[in-house]
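Subject: Structure handover

Hello,

Here is the structure I said I would pass on. My notes on it follow below.

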Amino acid sequence: MTTVLTCLNYIDGRWLSATEGSTLESRNPALVTEVVATFPRSSVHDVDLAVATARQAYHSWRKVPAPTRAEYIFRVGELLLQHKEELAQLMSREMGKPLTEARGDVQEGIDCAFYSAGEGRRLFGQTTPSEMPNKFAMTVRTPVGVCALITPWNFPVAIPCWKAMPALVCGNTVILKPAEDTPACATKLIEIFAAAGLPPGVINLVHGVGEEVGKALVEHPDVDLVSFTGSSETGAFVGATCGRTHKRVCLEMGGKNAQVVMEDADLELALDGAVWGAFGTTGQRCTATSRLILHRDIKEKFTAMLYKRTSKLRLGAGIEADTDIGPLINEAQLQRVSSYLDIARAEGAKVLIGGKIASEGSLKNGYFFQPTILDGVTPQMRVAREEIFGPVVALIEVSSFAEAIAILNNTNYGLSSSVYTRDINRAFTAMRDIEAGITYINGPTIGAEVHLPFGGVKNTGNGHREAGTTALDVFTEWKSVYVDFSGSLQRAQIDNRS
Ligand code: UN1
């Protein structure tokens with residue numbers, strides 16, 4: 001019997017229930033009768049309180065020297081390292097991913113802490129000559145203000161870290177609104193931020209429902225920036241609202257990522273990549289491989305290899321050591337993935353393996369879906385165009401490299417992409433011509449590292465990138481500073497021209 005965690009909001013350095021007192025539950029998706037945590041169903045009042053607190057704290061936090069701000073984040077990294085196993089175990093139970101992957105999720109948070117902390121002693125601007133004599137010109141980064149961070153359940157530690165850590169190093173204060181499915185992971189993470197000694201109000205946590213708390217944050221007049229990771233549909237609402245209210249907004253949304261396997265590829269290597277990319281995290285990554293674009297010369301052989309490997313994958317609870325694929329996150333996702341199988345069949349795709357809700361033995365207690373390969377998919381089919389977010393991969397046959405790239409690009413999304421080839425010319429052509437924020441050569445579509453920009457083109461994003469130094473462009477404003485030490489009025493564009 002495991003204990004049920006009681007999660008609370010964290011506002012102004014205090015753990016609080018929602019003002020109106022009602023609570024919700026998160027459950028183990030591998031054993032749906034097991035309640036993992038209860039959490040507050042917060043309202044607009046809690047949001048108001050958190051925003052007021054974050055605003056108040058901002059006035060002093062922005063003046064704390066950036067290297068000192070970064071030292072708090074470094075300390076968060078050290079604490080995450082100490083609590084890595086405990087957090088990973090909790091994540092496996094609350095979200096379902098296998099333990100090895102859950103450890104990777106926490107590690108991504110740790111990497112982000114140490115990387116972001118280094119920025120505290122950089123945050124470089126530029127100095128540049130002035131067109132006037134005795135005048136100095138430079139650019140400096142200044143914080144944006146109060147940031148609302150709305151995060152998904154698929155990377156319940158890594159993604160809040162990607163957002164909160166650079167935001168805080170840059171001098172902003174934050175309010176985290178985590179996904180309803182993973183409140184316990186978010187609470188443990190914020191406990192660690194609190195234990196690192198961050199001043200009250202600098203980081204706040206408000207649990208609740210997206211349509212209530214998320215919406216209130218996005219609409220709040222005193223929130224300066226919204227960073228959102230989630231579906232393109234919700235992202236459209238967030239983007240439109242922020243447009244109307246003049247907030248800075250960074251959106252990370254869906255993907256329909258493809259891996260190309262050319263006839264000259266190392267097929268064993270491509271197979272390892274395809275299985276990991278398509279079925280890792282049960283396909284619930286925005287970087288997941290949901291299309292495999294196969295050259296006709298290797299299609300049959302590669303499909304047989306993929307079938308064999310897929311048939312050996314073991315579904316189970318993430319917490320069990322021999323699990324390859326965990327459950328889907330909730331009933332709605334299970335139904336969504338199932339409905340795409342109906343669509344696939346109706347469109348004429350062939351289900352090579354899988355295709356059903358898994359219900360043998362203890363699997364019936366959770367939201368398990370069989371790893372699924374769809375063959376005979378054409379680029380026009382919905383299963384080749386829409387994000388499924390489950391363990392479903394569509395095989396598309398092509399006759400040339402040019403056709404492979406054209407089909408890879410034939411999507412409304414543009415997050416991740418991958419090409420397996422031994423031909424250097426093809427590799428560089430792919431790097432140039434693929435329309436995506438991330439391109440892997442001879443590696444799967446998943447596995448981005450924190451010091452490189454993360455994000456995508458088309459409906460995947462809105463022009464921003466998380467992680468890397470590009471995160472600083474999300475969380476800072478540029479200020480241009482001119483210092484005139486001539487002692488007289490110097491009129492730009494006029495006084496230095498005859
Ligand atoms: C996501 O799917 O939302 O590149 C994030 C990856 C991970 C992050 C995925 N490092 O697959």
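One open sheet in this predicted model has 7 strands in the order 15-16-17-14-13-19-20, and its pairing is mixed. Its edges are strand 15 (350-353) and strand 20 (438-441), each of which pairs on one side only. On average, neighbouring strands in this sheet are turned by 25 degrees against each other, direction ignored. At the strand 20 edge, strand 19 (residues 416-420) pairs with strand 20 in the parallel sense, over 4 bridges. Within that pairing, Val-419 stands opposite Ile-441.

A further open sheet is made of 3 strands in the order 6-7-22, with antiparallel pairing. Strand 6 (127-129) and strand 22 (476-484) are the edge strands, pairing on one side only. From one strand to the next the twist averages 25 degrees. Strand 6 and strand 7 (residues 135-143) run antiparallel and are joined by 3 bridges. Thr-127 has Met-138 of strand 7 opposite it.

Next, strand 8 and its surroundings. Strand 8 (residues 146-150) has 5 of its 5 residues buried, so the rest of the structure largely encloses it. Val-146, Ala-148 and Ile-150 point one way from the strand, while Cys-147 and Leu-149 point the other way. Such alternation fits the general rule that side chains in a regular strand alternate between the two faces of the sheet.

Strand 8 has parallel partners in strand 9 and strand 11. With strand 9 (residues 173-177) it shares 5 bridges, and Val-146 stands opposite Thr-173 there. With strand 11 (residues 225-229) it shares 4 bridges, and the bridge partner of Ala-148 is Val-226. The connection from strand 8 through helix 5 (residues 158-169) to strand 9 makes a right-handed β-α-β unit.

On the cysteines: how many disulfides does the count come to? The count comes to 0 disulfides. Cys-250 is in no disulfide, and the nearest cysteine sulfur to it, that of Cys-147, is 10 Å away. A disulfide is taken here as a pair of cysteine sulfur atoms within 2.5 Å, so a separation of 10 Å does not qualify. Cys-250 is buried, because its relative accessibility is 2% and the cut-off for buried is under 20%. Cys-286 also counts as buried, with a relative accessible area of 11%. Cys-147, the cysteine in strand 8, is buried as well.

One helix pair is worth listing. The axes of helix 9 (residues 267-279) and helix 10 (residues 296-311) come within 10 Å and cross at roughly 55 degrees. The two helices are therefore oblique to each other, since 55 degrees falls outside the ranges for roughly parallel, roughly antiparallel and roughly perpendicular. The crossing of helix 9 past helix 10 is right-handed.

Last, a glycine in a loop. Gly-13 is found between strand 2 (9-11) and strand 3 (14-16). Is Gly-13 buried, exposed or partly exposed? Its relative accessible area is 33%, so Gly-13 is partly exposed. Between Gly-13 and Gly-316 there are 39 Å in space, C-alpha to C-alpha, and the two are 303 residues apart in sequence.

Regards

Terms used: Residues numbered from 1 in each chain as written. Predicted model: local features only at pLDDT ≥ 70, side-chain atom pairs only at ≥ 80, totals over all residues. Heavy atoms only, no water. Pairing = 2+ DSSP bridges. Axes fitted to C-alpha atoms, helices over the stretch in contact; angles between N-to-C directions. Buried < 20%, exposed > 50% of the residue type's maximum accessible area, 1.4 Å probe, protein only. Right-handed = clockwise from strand over helix to strand, strands pointing away. Parallel < 35°, antiparallel > 145°, perpendicular 65-115°, else oblique. Left-handed = near helix turned anticlockwise from the far one by under 90°.
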